[in-house]
Amino acid sequence: MSEPRLTHLALYLQHLDFDAPPAPTLETLRQLQRRHTGAFAFENLTTLSGEPVLIDLPSVEQKVLFDGRGGYCYELNSLYLALLQALGFDARGISGRVVMGQPEGAWTARTHRLSLVTLDGVRYITDVGFGGMVPTAPLILDCATEQLTPHEPYRIERHDDGYTLRAKVAGEWKAMYIFDLQRQEDIDYAVGNWYVSTHSESSFRKQLMVARTGEGWRRTLNNGSFAIHRVGSESERRQVADVDELVALLEREFGIRVPAHAGLKRVLERLIEPVQDADQML
């Protein structure tokens with residue numbers, strides 16, 4: 001499969017605090033994943049506005065690198081894979097099924113995109129588009145034991161149908177998503193993106209979901225419920241009172257340049273009325 005190429009590599013690297021293209025090493029991969037989840041927020045404002053979510057590479061570059069926006073997995077991990085390949089990593093896209101918050105053993109639609117990287121014969125999964133529980137370090141695929149990240153510990157379980165990624169949250173190993181290594185083409189991602197962004201049952205159509213990570217913290221916003229989760233301490237939570245406060249918070253805490261879209265503002269006003277659970281991030 002021929003992958004599209006980045007046209008704004010230098011600018012992309014500047015956003016990630018690199019003055020020049022780094023070598024394709026494990027340390028670089030770690031830095032890229034940690035910095036990416038801090039620089040570019042996970043968000044679904046476009047879906048809520050009713051506009052199409054374009055996942056071709058030029059559109060994603062424009063949105064994220066120039067328009068001051070973030071995105072979700074089909075955008076962020078598409079852009080990230082193009083970056084990895086431009087830097088010389090042996091990387092390709094794979095996909096999975098989000099089961100976070102579902103009963104154990106649930107089997108959901110294939111609606112998550114991530115990447116597989118091979119370095120010196122070792123395979124890693126790397127993901128910058130999984131919302132409030134995105135791993136902040138690459139994870140060794142063929143390793144069943146606990147793997148530390150700058151945030152929560154993770155582990156990967158192998159089973160007949162592929163792999164399950166779990167995170168240790170409040171002392172419990174919770175399933176995040178199921179994935180496999182099946183070859184993916186652009187049409188596969190187009191189908192998943194279409195479902196996520198247009199289907200009436202998609203959670204991305206029903207609620208605002210925003211997340212960003214940093215040194216020792218995660219920030220999440222679910223509708224009007226804003227939380228700062230700090231490693232090793234209690235979370236801070238508050239409810240956003242009105243849409244102007246929400247827009248200011250998106251810009252200040254998540255680095256998102258909110259588009260001036262009347263329809264989006266009306267949707268956001270409606271969504272922040274009830275109190276929601278900020279832990280139900282995808």
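**Close-up views of a predicted model**

**View 1. Arg218 and its surroundings.** Arg218 has its place in strand S10, which covers residues 217-222. The structure shown here is a predicted model. Is Arg218 buried or exposed? With a relative accessibility of 2%, Arg218 counts as buried, because the cut-off for buried is under 20%. Its side chain reaches the backbone oxygen of Val134 at 2.9 Å. When neighbours within four places in sequence are left aside, the residues in contact with Arg218 include Gly132, Met133, Val134 and Thr136. His151, Glu152 and Tyr154 are also among the contacts of Arg218, and so are Arg212, Thr213, Ala227, Ile228 and His229.

**View 2. His229 and two polar contacts.** His229, one of the residues in contact with Arg218, lies in strand S11, residues 225-230. The relative accessible area of His229 is 16%, so this residue is buried. Which side chains make polar contacts with the side chain of His229? One is that of Thr220, at 3.1 Å. Another is that of Ser235, at 2.8 Å.

**View 3. The open sheet and its edges.** Seen along its order, this open sheet of 7 strands reads S5-S4-S3-S2-S8-S7-S6, and the pairing is antiparallel. Which strands stand at the edges? They are S5 (139-140) and S6 (154-159). Each of these two has a single partner strand, so one side of each is left without a neighbour in the sheet. S6 is joined to strand S7 (residues 162-169) by 6 bridges, and the two run antiparallel. In this pair, Glu157 stands opposite Thr164 of S7. Helix H5 (residues 73-86) packs on the sheet and touches strands S2 (90-98), S3 (110-119) and S4 (122-126). The direction of H5 makes about 15° with that of S3.

**View 4. Strand S2 and its two partners.** How many of the 9 residues of S2 are buried? The count is 7, and the strand is mostly covered. S2 pairs with S3 in the antiparallel sense over 8 bridges. Ser95 stands opposite Arg113 in S3. S2 is also joined to strand S8 (residues 172-180), by 4 bridges, and these two strands run antiparallel. Here Gly96 has Phe179 of S8 as its bridge partner.

**View 5. Helix H4 against helix H5.** Two packed helices are described by the angle between their axes and by the distance between the axes. For H4 (residues 57-66) and H5, the axes come within 10 Å and cross at roughly 105°. H4 is therefore roughly perpendicular to H5, because angles from 65 to 115 degrees count as roughly perpendicular. On the H4 side, the contact involves Leu57, Val60, Glu61, Lys63, Val64 and Leu65. These meet Glu75, Leu76, Ser78, Leu79 and Ala82 in H5. By type, the residues of this contact divide into 7 nonpolar, 1 polar and 3 charged.

**View 6. Helix H7 against helix H8.** The axes of H7 (residues 243-254) and H8 (residues 262-271) come within 9 Å, and their crossing angle is roughly 105°. H7 and H8 are therefore roughly perpendicular to each other. Which residues make the contact? H7 contributes Val243, Asp244 and Leu246, while H8 contributes Lys265, Leu268 and Glu269. The residues of this contact divide into 3 nonpolar, no polar and 3 charged.

How values were computed:
Residues numbered from 1 in each chain as written. Predicted model: local features only at pLDDT ≥ 70, side-chain atom pairs only at ≥ 80, totals over all residues. Heavy atoms only, no water. Axes fitted to C-alpha atoms, helices over the stretch in contact; angles between N-to-C directions. Parallel < 35°, antiparallel > 145°, perpendicular 65-115°, else oblique. Contact = heavy atoms within 4.5 Å. Nonpolar A, V, L, I, M, F, W, Y, C, P; charged D, E, K, R; others polar. Pairing = 2+ DSSP bridges. Buried < 20%, exposed > 50% of the residue type's maximum accessible area, 1.4 Å probe, protein only. Polar contact = N/O pair within 3.5 Å; in protein donor to acceptor, adjacent residues only side chain to side chain.
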